[in-house]
Amino acid sequence: MPKDTSKEPEKLSFEESINTLDGLVNKLESGELSLEESLTAFEKGINLTKQCQQHLTKAQQKVSMLVGEDDNLQLIDFDASENN
């Protein structure tokens, strides 16, 4: 089971956030948490999800900037369905 880190969510790396989120999901799915514990875990999960989205947005902006530095390169949307 992924470890639950004690860092503040905004200080976690993307990978730490995903691992912590995975641990929370496993705990919630186990059904062993009380209602109050479940609500607390859910709230933490929402915050971690927002943090992950911020990490991904920053990464996308960085890639856009790097691709934009060369006039010969074009940024195109990735369609995962084309790779299946």
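Visitor: How far apart are the end C-alpha atoms of helix 1, in Å?
Guide: This is a predicted model, and the expected span gives a check on helix 1. Helix 1 covers residues 14-30, which is 17 residues, and at 1.5 Å a residue they should span 24 Å. The distance between the end C-alpha atoms agrees with that, at 24 Å.

Visitor: On which side or sides of helix 1 do the buried residues lie?
Guide: The buried residues in helix 1 are Ser17, Thr20, Leu21, Gly23 and Leu24. They cover an arc of only 160 degrees around the axis, so they lie on the same side of helix 1.

Visitor: Which exposed residues does the face of helix 1 turned away from its buried side carry?
Guide: The buried side of helix 1 includes Ser17 and Leu21. The face turned away from that side carries two exposed residues, Glu15 and Glu29.

Visitor: Is Ser17 buried or exposed?
Guide: Ser17 lies in helix 1. Buried means under 20% relative accessible area. The value for Ser17 is 0%, so Ser17 is buried.

Visitor: What distance separates the C-alpha atoms of Ser17 and Gly45?
Guide: Along the chain, Ser17 and Gly45 are 28 residues apart. In space, their C-alpha atoms are separated by 9.2 Å.

Visitor: Which residue follows helix 1, and has a positive phi?
Guide: Helix 1 covers residues 14-30. The residue that follows has a phi near 75 degrees, and that residue is Gly31.

Visitor: Which elements give two or more residues to the largest nonpolar core?
Guide: In soluble globular proteins, nonpolar side chains tend to be buried together. Here the largest nonpolar core has 5 residues: Leu12, Leu21, Leu24, Ala41 and Leu48. The elements that give two or more residues to this core are helix 1 and helix 2 (35-68).

Visitor: Is Phe42 buried or exposed?
Guide: Phe42 is part of helix 2. A residue counts as exposed when its relative accessible area is over 50%. The relative accessibility of Phe42 is 51%, so Phe42 counts as exposed.

Visitor: How many Å apart in space are Phe42 and Leu28, C-alpha to C-alpha?
Guide: In sequence, Phe42 and Leu28 are 14 residues apart. From C-alpha to C-alpha, the distance between Phe42 and Leu28 is 8.0 Å.

Visitor: Over which residues is the pLDDT below 50?
Guide: The mean pLDDT of the protein is 81, and 68% of its residues reach 70 or more. Where pLDDT is low, the predicted coordinates should not be read in detail. The stretch with pLDDT below 50 has 12 contacts in the model beyond near neighbours in sequence, and it covers residues 1-5.

Definitions and conventions
Residues numbered from 1 in each chain as written. Predicted model: local features only at pLDDT ≥ 70, side-chain atom pairs only at ≥ 80, totals over all residues. Heavy atoms only, no water. pLDDT = per-residue confidence, 0-100. Contact = heavy atoms within 4.5 Å. Helix = DSSP H or I, 4+ residues; strand = E, 2+ residues; numbered from the N terminus. Expected span 1.5 Å × (residues − 1). Buried < 20%, exposed > 50% of the residue type's maximum accessible area, 1.4 Å probe, protein only. Arc of directions from axis to C-beta. Core = buried A, V, L, I, M, F, W, Y, C linked by side-chain atoms within 4.5 Å.
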